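Here is a guided walk through one protein model. Keep the structure in view as you read.

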Amino acid sequence: NGAKVWAFEPNPENYRCALITCAINNLVNVEIRNAGIGDKNASLPMRVFDDKGRALGGTSRLLEVSGDAMPEQTIVVDIVRLDDVVPANRNVSILQLDVEGFEQQALTGALDIIRRCRPVLILENLPESSWLNENIIKLGYKFLQKLHQNTVMVFDDTTHRPQ
């Protein structure tokens with residue numbers, strides 16, 4: 001049916017595990033990249049170890065700092081914009097983000113996709129309300145429900161007509 005999943009994992013160990021999972025399950029329609037998603041193509045430090053050197057795994061976090069003085073618990077990871085990765089001729093039906101507080105940046109880098117495809121948005125954390133109102137709600141999105149720890153938002157074509 002041509003369905004495709006784009007997945008992004010900036011933590012190298014989690015990325016390696018995701019590749020193995022895809023191989024074991026013969027998931028040929030999954031394209032996974034060793035990168036994070038954000039509002040611009042860049043490199044950012046990511047904290048991947050705690051102060052005792054233990055791997056943080058799924059709680060690894062991108063740090064919005066730059067410079068030479070990076071804490072030793074960090075690595076540098078690539079950040080990409082979804083609008084630059086997903087081809088403009090592809091429909092996106094669901095955009096699920098689990099980016100540990102980096103939702104606003106990730107959504108900013110996907111605004112073309114959101115405007116064009118109006119995908120269901122599943123967000124672990126919500127961006128600040130003024131940004132969300134100006135950039136997502138204004139497009140015609142509404143809150144549908146909470147699903148576990150996620151917020152589900154859908155485009156409401158009954159109240160929003162393109163201008």
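Start with V120. The model is a predicted one, and in it V120 is partly exposed. Its relative accessible area is 28%. That value lies between the 20% limit for buried and the 50% limit for exposed, so V120 counts as partly exposed. V120 sits in strand β8, which covers residues 120–123.

What does V120 touch, once its neighbours within four places in sequence are left aside? The contacts are S93, I94, L95, V152, M153 and V154. Take S93 from that list. S93 and V120 are 27 residues apart along the chain, yet their C-alpha atoms are separated by 6.2 Å.

Now step back to the whole chain. The protein chain has 5 helices and 10 strands. It holds 163 residues, and a compact globule with that many would have a radius of gyration near 15 Å. The chain has 17 Å, which agrees. Along the principal axes, its C-alpha atoms fill a box of roughly 55 × 40 × 30 Å.

How do the contacts spread along the sequence? Consider those with a separation of 6 or more. Residues 24 or more positions apart account for 65% of them.

Next comes the surface. The accessible surface comes to about 9900 Å². Carbon and sulfur atoms make up 49% of that area. The chain carries 17 positive and 21 negative charges. The mean positions of these two sets are 6 Å apart.

Turn to the inside. Of the 163 residues, 38% count as buried. The largest nonpolar core has 34 residues. Which of them touch the most other members? They are I37, L95, L97, I114, L121 and I136. Helix α4, residues 111–117, gives this core its largest share, 4 residues.

Look at I136 in more detail. Leave out residues up to four places away in sequence, and I136 touches L111, I114, L121, W131, Y141 and M153. Two of these partners, I114 and L121, are also among the core residues that touch the most other members. M153 appears again too, as a contact of V120.

Move on to F8, in strand β1 (residues 5–8). Is F8 buried or exposed? F8 is buried, with a relative accessible area of 18%. The cut-off for buried is under 20%, so F8 falls within it. Setting aside residues up to four places away in sequence, F8 touches R33, A35, I37, V80, L82 and V85. One of these, I37, is named among the best-connected core residues, those that touch the most other members. F8 can also be placed against L97, which lies 89 residues away along the chain. Their C-alpha atoms are separated by 9.9 Å.

Finish with two loop residues. E100 lies in the loop between β7 (94–97) and α3 (103–108). Its phi is positive, about 50°, although E100 is not a glycine. At 21% relative accessibility, E100 counts as partly exposed. The limit for buried is under 20%, so E100 does not count as buried.

H148 lies in another stretch, the loop between β9 (141–147) and β10 (150–155). Phi of H148 is near 55°, again a positive value in a residue other than glycine. How much of H148 is accessible? The relative accessible area is 71%. Exposed means over 50%, so H148 is exposed.

Technical notes:
Residues numbered from 1 in each chain as written. Predicted model: local features only at pLDDT ≥ 70, side-chain atom pairs only at ≥ 80, totals over all residues. Heavy atoms only, no water. Rg over C-alpha atoms; globule rule 2.2 N^0.38 Å. Buried < 20%, exposed > 50% of the residue type's maximum accessible area, 1.4 Å probe, protein only. Contact = heavy atoms within 4.5 Å. Areas by Shrake-Rupley, 256 points an atom, 1.4 Å probe, with all protein chains shown as cover. Lys, Arg positive; Asp, Glu negative; His and termini not counted. Charge placed at Lys NZ, Arg CZ, Asp CG, Glu CD. Core = buried A, V, L, I, M, F, W, Y, C linked by side-chain atoms within 4.5 Å.
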